[in-house]
Amino acid sequence: MSTREPADGAPQRPAPGRGRLARLLRPRLRRVDLLIAALLLVLGFAAVVQVRSTQEDGVLASARQEDLVRILDDLSSRSERLRQEVTTLTGTRERLLSDDGSAAALDEARRRTEVLGVLAGTVPARGPGVRLTVDDPEGDVRAEVLLDALQELRDAGAEAVELQGRGGDAVRVLAGTSLQDAEGGVLVDGVVLSAPYVFVALGDSSTLSSALGIPGGVLDTVEAAGGAGRVEEGEDLRVGALRPLEEPRYARPVPD
Amino acid sequence: MIPFLALVAGVVLGLVVEPTVPSALQPYLPIAVVAALDAVFGAVRAQLDGIFDDRVFVVSFVSNVLVAALVVFLGDQLGVGGQLSTGVVVVLGIRIFSNAAAIRRHLFKA
């Protein structure tokens, strides 16, 4: 669109509106014109300043007071939440890092679990020890002979003991194990084992074998009972029979 | 002609000087600018209608700005500043639109 401005100020072709607009464009210098110019100058200035400040400061600068208060509230509650989270996580980190205690305690707990597992018969065990074989061709060896042998092994420091019967039946022998005479053999914790009986005991093998072999000891007793005892030392014996872990029904640990 | 030059000069001045808006004026400046724009559009329309009057323009320009700022100020004091600002902008926006429509009819006959 071209707004032509006739030299004489009397436009022929343009519409009257355009003529008036052209008149507006024509320079005039009265005091009120200067005032108008000043106002428009201020307007342009203010508009640009406002636009710039809006662009620069983003939302916050032009936000109203109550909005700012709300935003501040949101931010402070959020920062409070985050601070609590930081505290929690820092505490966790401290506990995980500071005392190598945590890792050490974990290792300790794991070690104790293994030790207790060996004692409770819930895990297999291996190590040096002796294998005591009691042959009983006549069926004369009674449970008390085996019990003597077991007591001797315990006295000599056996740490894990297993009693095997014919055909691979095996029972892990624990603190509460009972031995009873039974038809065709010996009843060990509810399992009937028949001869030949084999004790596998883990411990110091020379101590165990000498304890079994002392005069008037286990081997002599077995022979006197009509059986035949034989001791073999081994460097790597395996006690593989397991027991399910039984929760004590009545006894409870006393807290420290 | 001079008012347009003055407007352009004001824009250039604002770009060059880069002032920061005083925080006391921050809620009022945008409303004042919109009110002044309304006055300017009204003036152009009046010129096209042939009823433009310098004195009326000056008075309406200044009073528009002052009244708009006053309304926003009152709204802030009453706790409804945000809503009143919106209201003022809506009203002035409608006026600007109708003035622009009148100007368009004058210039394009449509």
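A salt bridge is a side-chain nitrogen of Lys or Arg within 4 Å of a carboxyl oxygen of Asp or Glu. Keep that rule at hand for the second exercise. The model you are looking at is predicted.

**Exercise 1. Get to know the two chains**

Task: Describe the secondary structure, the buried share and the accessible surface of chain A and of chain B.

Solution:
- Step 1. Begin with secondary structure. Chain A holds 7 helices and 8 strands. Chain B has 4 helices and 0 strands, and its pattern along the sequence reads α-α-α-α.
- Step 2. Turn to burial. In chain A, 30% of the 256 residues count as buried. In chain B, which has 110 residues, the buried share is 36%.
- Step 3. Look at the surface. About 16500 Å² of chain A is exposed, with 54% supplied by carbon and sulfur atoms. For chain B the accessible surface is about 6000 Å², and carbon and sulfur atoms account for 75% of it.
- Step 4. Finish with contacts between residues at least 6 apart in sequence. In chain A, 71% of these join residues at least 24 apart; in chain B, the figure is 72%.

**Exercise 2. Explore the interface**

Task: How many residues of chain B are in contact with chain A, how much area is buried, and how many salt bridges cross the interface?

Solution:
- Step 1. Count the residues: 45 from chain B are in contact with 35 from chain A.
- Step 2. Find the area. Interface size is often expressed as the accessible area that is lost when the parts come together. Here chain B and chain A bury about 3600 Å² between them, and 73% of that is on carbon and sulfur atoms.
- Step 3. Apply the opening rule: it finds 0 salt bridges across the interface of chain B and chain A. The rule for polar contacts likewise gives 0 residue pairs, with both residues required to be at pLDDT 80 or more.
- Step 4. See which elements take part. On the side of chain B that touches chain A, two or more residues each come from α1, α2 (29-49), α3 and α4 (81-108) of chain B. The largest share, 11 residues, is given by α1(B).

**Exercise 3. Is B:D54 buried or exposed?**

Task: Place B:D54 in its helix, classify it and list its contacts.

Solution:
- Step 1. B:D54 belongs to helix α3 (residues 54-78) of chain B.
- Step 2. Buried means under 20% relative accessible area. B:D54 has 10% relative accessibility, so it counts as buried.
- Step 3. Setting aside neighbours within four places in sequence, B:D54 is in contact with A:R30, A:V32, A:D33 and A:I36.

**Exercise 4. Visit a loop in chain A**

Task: Where does A:G203 lie, and which residues is it in contact with?

Solution:
- Step 1. The loop between β7 (197-202) and α6 (205-213) of chain A holds A:G203.
- Step 2. With a relative accessibility of 11%, A:G203 counts as buried.
- Step 3. Beyond its neighbours within four places in sequence, A:G203 is in contact with A:P128, A:G129, A:G157 and A:L208.
- Step 4. A:R154 is 49 residues apart from A:G203 along the chain, and their C-alpha atoms are separated by 9.4 Å.

**Exercise 5. Find a surface patch**

Task: Which residues form a nonpolar patch with B:V12, and how accessible is B:V12 itself?

Solution:
- Step 1. B:V12 sits in helix α1 (residues 2-17) of chain B.
- Step 2. Its relative accessible area is 43%, so B:V12 is partly exposed.
- Step 3. Together with B:V8, B:L13, B:L15, B:V16 and B:V17, B:V12 forms a nonpolar surface patch of about 510 Å² of accessible area.

Key:
Residues numbered from 1 in each chain as written. Chains lettered and ligands numbered in written order. Predicted model: local features only at pLDDT ≥ 70, side-chain atom pairs only at ≥ 80, totals over all residues. Heavy atoms only, no water. Patch = residues over 30% accessible without salt bridge, like charges linked within 9 Å, V, L, I, M, F, W, Y side chains within 5 Å. Areas by Shrake-Rupley, 256 points an atom, 1.4 Å probe, with all protein chains shown as cover. Buried < 20%, exposed > 50% of the residue type's maximum accessible area, 1.4 Å probe, protein only. Contact = heavy atoms within 4.5 Å. Buried area = accessible area lost by both parts, 1.4 Å probe. Polar contact = N/O pair within 3.5 Å; in protein donor to acceptor, adjacent residues only side chain to side chain.
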